[in-house]
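I set out to record a few lookups of packing and burial in this model. The entries below follow the order in which I made them.

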Amino acid sequence: MTVLAALAAGGAPVPIRSAFAAQVEVNLARAKAVLPAAAALELERAVAAARERGLPTAPLVDKALEGAAKGVPAERILAVVRQLSDELGRARELVAGAGDVTPADITAVADALRRGVPEDAVRSLRADAAGDEPIALAAHTLADLLDRGVPVDVAIEVLGAWRSHGARPDELRELPAAVERLIREGVLPAQAAEAVASAVRAGRGPGSAAGPPAAPGARGKGKGIGPPDKPPLPPGAPPPGKGKGNGNPKKPGGG
């Protein structure tokens, strides 16, 4: 009955939540077991404080467990955990009010901030998001676009094009790959992102995006194509290569 009530309310089944919470507690106990007593107590307090603030605690415990497994000094582990807790708190403030914010949303936004996504960009994502939009995936995609050299305003434009044409999560995953393909073809990151945005708006999908046309005179400059076309030589002109260093032509009437 409890499970059915949770499903009817739109929430996740209680056993799944309980199992996840239980795993976090198991990992916390594992991390505390390998830390000095004082450090273990500080870790427990940090996790409890994060829980009271409504922050996801699994990232904190996982980070502590990772550091302990690598033999990182306890002081350093605690410093990293506190810093991560602050980042999660900031991420939660940025996405507050964006529908039903999940721990995964908060964690993804914190990771995006760590990867260099400006806070204003996150606010823009939140303000323009629909009620059921995957904020976590959108933040991750924005960070991926920035990693590829796309300017922030152009990256926001790409996500705006995605929203204007259905906001499908599967298409959102394709955006960075489509931009990267054009960049590998020699298109500048900003132009590549704009081409992808145009393709999405037109309903053709990110994979159909093409770069701008080649500049005049660029024909033949691709790999393995050969030198560019040249105009024909006028009648009586010496063949190419008869310039400096190849000898002088005879003058009329000379010996």
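Which residues is asparagine 27 in contact with, leaving aside its neighbours within four places in sequence? I note at the outset that the model is a predicted one. With those neighbours set aside, I found asparagine 27 in contact with Val61, Asp62 and Leu65. I located asparagine 27 in helix 2, which spans residues 14-33. Its relative accessible area is 11%, so I entered asparagine 27 as buried, the cut-off being under 20%.

Entry on the nonpolar core. I looked up the largest nonpolar core, which has 64 residues. Leu43, Val117, Leu142, Leu175 and Val196 are the residues that touch the most other members. Helix 5 supplies the largest share of this core, with 9 residues. In soluble globular proteins, nonpolar side chains tend to be buried together. I then listed the surroundings of leucine 43, again without its neighbours within four places in sequence. Leucine 43 is in contact with Leu28, Ala31, Lys32, Leu35, Ala64, Leu78 and Val81.

Entry on helix 5 and helix 7. I next examined how helix 5 (residues 74-95) packs with helix 7 (residues 119-128). Their axes are 9 Å apart, and the angle is about 40°. The two helices are therefore oblique to each other. On the side of helix 5, the contact is made by Arg90, Glu93, Leu94 and Val95. Helix 7 contributes Glu119, Val122, Arg123 and Arg126. Sorting this contact by class, I recorded 5 charged and 3 nonpolar residues, with no polar ones.

Entry on valine 200. I placed valine 200 in helix 11, residues 189-201. Its relative accessibility is 2%, so valine 200 counts as buried. Not counting residues up to four places away in sequence, valine 200 touches Ala161, Trp162, His165, Glu171, Leu175, Gly205 and Pro206. One of these, Leu175, is also among the core residues that touch the most other members. I also checked valine 200 against leucine 159, which is 41 residues away along the chain. Their C-alpha atoms are separated by 9.7 Å.

Entry on glutamate 171. Is glutamate 171 buried or exposed? I found a relative accessible area of 5%, and glutamate 171 is therefore buried. Glutamate 171 lies in helix 10, which covers residues 169-184. Leaving aside its neighbours within four places in sequence, I listed its contacts as Trp162, His165, Val200, Gly205 and Pro206. Trp162, His165, Gly205 and Pro206 also appear in the list for valine 200.

Methods:
Residues numbered from 1 in each chain as written. Predicted model: local features only at pLDDT ≥ 70, side-chain atom pairs only at ≥ 80, totals over all residues. Heavy atoms only, no water. Helix = DSSP H or I, 4+ residues; strand = E, 2+ residues; numbered from the N terminus. Buried < 20%, exposed > 50% of the residue type's maximum accessible area, 1.4 Å probe, protein only. Contact = heavy atoms within 4.5 Å. Axes fitted to C-alpha atoms, helices over the stretch in contact; angles between N-to-C directions. Parallel < 35°, antiparallel > 145°, perpendicular 65-115°, else oblique. Nonpolar A, V, L, I, M, F, W, Y, C, P; charged D, E, K, R; others polar. Core = buried A, V, L, I, M, F, W, Y, C linked by side-chain atoms within 4.5 Å.
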